[in-house]
Every structure is written in structure tokens, then in C-alpha cells.
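Please open the structure in your viewer and keep a residue selection tool at hand. The stops below are given in the order in which they are best selected.

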Amino acid sequence: MPFRAITGHRRLVALLSRAIAQGTLPPSLLVAGPEGIGKRRLAMAVAETLNCLSPVESPDLPADACGACAQCTRIARGVHPEILIVEPDDKGSIKTDVVRGINERVAYRPFEGRRRVVVIDKADALEPQAQNALLKTLEEPPSATVFLLLTSAPDALLATVRSRCPPLRAGRLTATEVAEILVRETGMDEREARAVAASADGSVGLALEAAAGDVAAARTVAVRVLHQAARSADPRARIDLAKTLSGKTGTGVSEREQATVYLRALASLLRDVSVMSTRADAGVLANVDLGPGLEDLARSFDSERSVRAFTAVDRALGALERNAGDRLARLHGAAEMKTRNGVLCSFPKPQMLILGVVIRTSALEHSRVSCR
Ligand SMILES: [Zn+2]
């Protein structure tokens, strides 16, 4: 994929293109940014542009791949012998022997193409020993080879490795950009894509995950719940609302996954409502396709209240994620996790988390119902 075909990341793409055109691309780079925003695509565009047989230039992009020559097509098909992609194994780690293999390969000049590109995807999965093995190569960069380390957790890398790789930050995509990619690459219809993208927090990866959870429907429910929560001061009504959000789950979707989809929809709506109440740039609204429905909602929430509600949703999402992590840890034998009383931790159920959110979102400011 050439640089010009990449959606979003304009500044970063221009920077990489310029560095390639001027021959100043460092021998190793760390591309850091959230999951699912297209770091791998950026890396592949670098690989194509470095090796393209008939590169093209434009005012914005002084060097770009043609996307059609033998080199470009082989790279795009994943069969180019000098483009090496390293990924975590089944257990989620990249082991030392994999890195040793890479070190051996890069000791020789590239056989085909002008530049070898080593892409280490999810570089934070490199085991410490593997990082040390890689470090030796990064310290004495082999000729004609570029290392691209991609990660959403740069801090998980050893400081010594980071110091060898100038960092580039790849930010989240806008909801419009995510929708654009979904329409182009999954054939999703535009309306659905916009609804899915609105709750995807700038990540195509999250959007695709969420699409499985029927996000458009979740958003409809979330709008209704916010409307009712804004008016309701009756505790019973609020518990009913929480039930609406945490109730039915479809086949194959866990209670936690479903709750996550609803909470992301709520977060996205509340973020928009707070943008509207502060009269900030309407261009950043994620749910703009809701039209008057969104304005209607904004009238029920002043900025303070929407921020408070958003914080509650955000915390609940964090708790759900930790919850999943803790469960996983327990499955792996970390059963010694105990509370102060010596009892095994009990984790907040999705339903309780959502009740907490509804309480903090609804009309009664200081509820006596306590809910973590
Ligand atoms: Zn080409």
C-alpha cells in the first residue's frame, strides 16, 4: 500500500516520505500508537516506497511507492524475501531464537530489492533476552536494512532498545477516517460504518471488534438510556435502566463484551454532548449522523454533568478491562490474589458497573446508593 492510500496519519506519512526522499530515514524506528490504527500499514508503505522500481512524487509526498511494480506487488502480497515480519507467537511473546534468526539474516546484504525492512509488530512482546539480542544489531546497524518496531506500549521496551530507535507517534484516527476505512475495506454500508466508528475510539481494530457486537443497535439503546437517565430521579427507574444496558446478550457474546459495547457507545455520545455544550468545533463530533437526536441529548446535559457521566463510563470501562485481566491471571494460577480479609477477590459484575454509571448520569446528583 503506497503512502497516499493510507487514511489519516498525514503528518507522520509526510515525515516518512520526506525522510525516504532525502535518504535520511534512520536505520531503526519505533512507531508507537494505540492498537488498530494502522501502524502495520505505515510500515508496509515504508517498505514499498524504499523498494519501488518506479517511485512517484507529489507536492505532499516527495517519495511514494507506485503500488504496481514487481517489488510493490510482492511486498503487498507478503512474498518479498527481504521484507521480514516478526509477530508474537501463540503465547503472545517474541522469543530470543526468533531475534537470533533475524540477526543472521540481516548480516548479509539484501539479495533482492534495494532495502531490507524488518518489521517487528507488537514489539513490546519481545522477551527481555530477545530485546538484548536485538540491541546488538541495532547498535551496529547492518547496511541497507531498516528496523521498524511497532508497539502500543513503548514503555514495555528496555530503555536501551528505545534509545536506539527514534520514536514516532501515530495517533488515533478520527471517527470519519475509521468509517472511511470500514466502508472501503469491509464493504460495510456508510450508515452502519459511521455508527460503528463513533464508538471505536479512533481504532479500526476496535471498530471491527465492536461491529460483531452490533454497535448500531447498542448506540440506539445508549441514546434512549441517556435520555431517560437525564430525567429520572427515581432509584427504581434507574435500576431498570441499568438492566436495559446489561441485560440480554446475543449468542457468543459474553455479558462483559456486550457491556463494553454499550459503555463505548455511551462514552462516545457523552463526549459529543460535552463538545456541544462547550460549543467546541462540531467537526470533531463522532455521532454527527444522529443529527437532531444529538442536539436533543445535549440540551439535557450541561458540560459539568456530561463530563462527570463520561468519567463514570470511562472508569467502568477500565474496571471491565481489569476484570478481564484479573480473571485471566487467576486462570493462570495466580489464585493467591486476596483481599485484606484473606478472601479471594470478587470482581464487580458488569451489571453493577453499569448501575454505577447510570446513577452518576441520572438526575439525582448525590445518590446514597453506593456502587463500585
Ligand atoms: Zn512500485
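Select aspartate 201 in this predicted model. Aspartate 201 has 23 other C-beta atoms within 10 Å and is therefore buried, since 20 or more is the cut-off for that class. Its place in the chain is the loop between α8 (190–198) and α9 (204–211). Please display its backbone torsions: although aspartate 201 is not a glycine, its phi is positive, at about 55°. For context, most residues other than glycine have a negative phi.

Move next to histidine 9, in the segment before α1 (10–22). Is histidine 9 buried or exposed? With 25 C-beta neighbours inside 10 Å, histidine 9 counts as buried. Its phi is near 55°, again a positive value in a residue other than glycine.

From histidine 9, continue into α1 (10–22) and add α2 (39–51) to the selection. The axes of α1 and α2 cross at roughly 25° and come within 11 Å. The two helices, α1 and α2, are therefore roughly parallel, as angles under 35 degrees are classed that way. Viewed as a pair, α1 and α2 have a right-handed crossing. To see the contact itself, show Leu12, Leu16, Ser17 and Ile20 on the α1 side, which meet Leu42, Val46, Thr49 and Leu50 on the α2 side. Colouring the residues of this contact of α1 with α2 by type gives 6 nonpolar, 2 polar and no charged.

Keep α2 displayed and select helix α3, residues 70–77. Which residues of α3 are buried? They are Gln71, Cys72 and Ile75. These residues cover an arc of only 100° around the axis, so they lie on the same side of α3. Among the elements that cover the buried residues of α3 are α2 (39–51) and β2 (83–86). Just after α3, select glycine 78, where phi is positive at about 75°.

The next stop is a second helix pair: α4, residues 96–106, and α5, residues 128–139. Their axes lie 8 Å apart, and the packing angle is about 15°. This angle makes α4 and α5 roughly parallel to each other. The crossing of α4 and α5 is right-handed. On α4, highlight Thr96, Val98, Val99, Arg100, Asn103 and Val106; on α5, highlight Gln129, Ala130, Ala133, Leu134 and Thr137; together they make the contact. By type, the residues of this contact of α4 with α5 divide into 6 nonpolar, 4 polar and 1 charged.

Finally, go to leucine 263, within helix α12 (residues 255–277). Leucine 263 has 27 other C-beta atoms within 10 Å and is therefore buried. Which residues does leucine 263 touch, leaving aside those up to four places away in sequence? Selecting Val313, Ala316 and Leu317 displays these contacts of leucine 263. As a last step, set a distance label between the C-alpha atoms of leucine 263 and aspartate 314: the separation is 8.0 Å, although the two residues are 51 residues apart along the chain.

Conventions: Residues numbered from 1 in each chain as written. Predicted model: local features only at pLDDT ≥ 70, side-chain atom pairs only at ≥ 80, totals over all residues. Axes fitted to C-alpha atoms, helices over the stretch in contact; angles between N-to-C directions. Helix = DSSP H or I, 4+ residues; strand = E, 2+ residues; numbered from the N terminus. Parallel < 35°, antiparallel > 145°, perpendicular 65-115°, else oblique. Left-handed = near helix turned anticlockwise from the far one by under 90°. Contact = placed C-beta atoms within 7 Å. Nonpolar A, V, L, I, M, F, W, Y, C, P; charged D, E, K, R; others polar. Buried ≥ 20, exposed ≤ 12 C-beta atoms within 10 Å, placed from the backbone. Arc of directions from axis to C-beta.
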